[in-house]
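Biologist: Could you take me closely through one part of this model, the open sheet and what surrounds it? I would like a connected account that goes from the strands to the side chains, with a few words on other local features at the end.

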Amino acid sequence: MFEIPIVIDQDGNNPIYLQVYEAIKLEIQAGRMPPGTKLPSKRKLAQHLQISQTTVETAYEQLMAEGYVDSFPRKGIFVKELNSDLFSVTNKIPFRENDTVQPQKEKVQYDFSHGGIALEAFPYSIWRKLSVQSLYEEESSLFLNGERNGEAGLREELASYLYQSRGVICTPNQIVLGAGTQFLIGLLTMMIGKDAIYSMEEPGFHRTRQVFKDQGVKLIPILLDQDGMDIKKLSESKAKVTYVTPSHQFPIGMVMPIKRRMELIHWAVENNGFIIEDDYDGEFRYKGKPIPSLQGLDSNGKVIYLGTFSKSLIPSIRISYMVLPVSLLEVYHRHFTIYKQTVSRIHQHTLWHFMKNGHWERHLNRMRTVYRKKQEVLVLMIKKLLGKRVSMIGEEAGLHVLLRVNNQMTETELIERAAKFGVKVYPTSIYYEEQKAEKETVILLGFGGLSEAEIQEGIRLLAKAWFDD
């Protein structure tokens, strides 16, 4: 058996499978496990480390998912050929005290990133089985270019799911798949035209704002009120296109009520404009049922619906989609089918199996339960340990909350102070185009990627970092 230097910390914060995965990954990246090296069998490594075979299997599945190793039936698991230069360069860069990138990432024990998801709940075995099934069924056909707007079977499943769960009314032909929402927004900007005036929520998602800027369009930030985007200010902006997150405004978290939704649609009709509705995490709502989409209320073809599997499944799959109104669908077919599909056909086919066989619905139900429990723990610990010294914003949906912290610290001071205690929290200032003075500082806490125990300990440390003298 190849000797892998793995030391298991039973009392550590990281799950044991992650410790095994990280140790093997580092050996591969460092070149100490060259291509073709056979990994120990799950049984042998489990015996060697005195852990369960299931734990080893989960670690191996993660290595396979990230492309470090390959599994061959009846032969074993082997290290793949990698470009070692990609790993060695970063290790040679000397650390400078003023570098913004933290060189010792292991010091961050509790990362409250809004991009984190519950990897422990991902159905690894089912996904692997369906991936292999896709290859066996289709043989080499999936290695060729597919349909430009996405695989037909997956688009059919998506159209059915979106209607039943989000009230989106569309045919499969109106759906265009793409590798991430940013790519699709860039494509949309070219389809609508760069001469139009664009607008988006203020505050709003900074990555979307950057796409609009990179496309060279005129972009106007529209302030929010308690119901979402201010329609009066939107009308005054003379914009023809607006980007909104009505089901869970990012980052503040309010849900746009029906009256404001109808006002927004009326604005689009009156101004012959378009609404880009980004439903980035509409599946996760903890009070009441998920809010129906703007698109389903629109009978005039003015709403472009965007969705993604990054929050509900896994970010690395890079499958997002847009539902085009008929007028833009015609533009797409006339001028933009020259752009080839950017999402792997193998992943599309696997996801089609996943949805068709009922795994998707079961997975979503499970994830709703997982995230609801985590959200309940987060809210409980904040109330218990931070109390009235903070106020929560947007805790009724999604995978993050905002904390307004009342201790006279600036945003930077709060983040740096938390980091000294091994906790990573995130700024909200980056979501504003036009900075405004705030009496109180607001911090973003994501909870999807942390366990319930990690959430509890993370909040305990934040209370100590921010309020203990």
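Modeller: What follows begins with the sheet, moves to the helices and a loop beside it, and ends with local features elsewhere in the chain.

The model is a predicted one, and every value below is computed from its atoms. The sheet is open and has four strands in the order β12-β13-β16-β15, with antiparallel pairing. Its edge strands are β12, residues 390–393, and β15, residues 426–427, each of which pairs on one side only. Helix α13, spanning residues 359–386, packs on this sheet and touches β12, β13 and β16, while its direction makes about 160° with that of β12.

Taking the pairings in turn, β12 and β13 are joined in the antiparallel sense over four bridges, and within this pair M392 stands opposite L403 of β13. The pairing of β13 with β16 is likewise given as antiparallel and runs over six bridges; here H400 stands opposite G446 in β16. On the other side, β15 and β16 run antiparallel and are joined by two bridges, with Y426 placed opposite L444 of β16. As background to these pairings, strands of a sheet pair through backbone hydrogen bonds, either parallel or antiparallel.

Why is β16 described as largely enclosed by the rest of the structure? The reason lies in its residues: six of the six in β16 are buried, so the strand is largely enclosed. In a regular strand the side chains alternate between the two faces of the sheet. For β16, T441, I443 and L445 point one way, whereas V442, L444 and G446 point the other way, and all of them are buried. L444, which stands opposite Y426, and G446, which stands opposite H400, therefore both belong to a strand whose six residues are buried.

A further helix belongs in this picture, since α14 lies across β13, β15 and β16 and runs at about 40° to β16. The loop between β13 (400–405) and α14 (411–420) holds N407, a residue that deserves a careful look. Is N407 buried or exposed? N407 has a relative accessibility of 16%, and because buried means under 20%, N407 counts as buried. Its side chain has a polar atom 3.0 Å from the backbone nitrogen of M409, and a polar atom of the same side chain lies 3.1 Å from the backbone oxygen of W466. Once neighbours within four places in sequence are left aside, N407 is in contact with L414, W466 and F467. F467 takes part in another arrangement as well, for the charged end of R389 sits over the ring of F467, 4.3 Å from its centre.

Another placement of a charge over a ring involves K302, which lies over the face of F274 at 5.5 Å from the ring centre. As for rings beside rings, the count comes to 14 aromatic pairs. Among them is the edge-to-face pair of F122 and Y124, with 5.2 Å centre to centre and 80° between the planes. F122 counts as buried at 8% relative accessibility, and Y124 counts as buried at 13%. These two residues join W127 and F354 in one aromatic cluster.

The remaining features concern the backbone, beginning with two cis peptide bonds. One runs from E202 to P203, with omega near 5°, and P203 is found in the loop between β5 (197–202) and α8 (206–214). Another runs from F250 to P251, with omega near 10°; P251 has its place in the loop between β8 (241–244) and α10 (258–270).

Positive phi values also appear in residues other than glycine. N272 has a phi of about 50° and is found in the loop between α10 and β9 (274–278), where, at 57% relative accessibility, N272 counts as exposed. For R318, phi is near 55°, and this residue lies in the loop between β10 (303–308) and β11 (320–323). At 37% relative accessibility, R318 counts as partly exposed.

Methods:
Residues are numbered from 1 along each chain as its sequence is written. This is a predicted model: local features need pLDDT of at least 70, side-chain atom pairs count only at pLDDT 80 or more; totals for chains, interfaces and linings use all residues. Side-chain values use heavy atoms; hydrogens and water are left out. Buried means under 20% relative accessible area, exposed over 50%, partly exposed in between (1.4 Å probe, protein chains only). A polar contact is a pair of N or O atoms within 3.5 Å; within protein, one must be able to donate a hydrogen and the other to accept it, and residues adjacent in sequence count only if both atoms are side-chain atoms. Contact means heavy atoms within 4.5 Å. Two strands pair if DSSP finds at least two bridges between them. Axes are lines fitted to C-alpha atoms, for helices over the stretch in contact, and angles run from 0 to 180 degrees between N-to-C directions. Rings of Phe, Tyr and Trp (its six-membered ring) pair if their centres lie within 6.5 Å; planes under 30 degrees apart count as stacked, over 60 as edge-to-face and the rest as tilted. A charge sits over a ring if NZ of Lys or CZ of Arg is within 6 Å of the ring centre and within 35 degrees of the ring normal.
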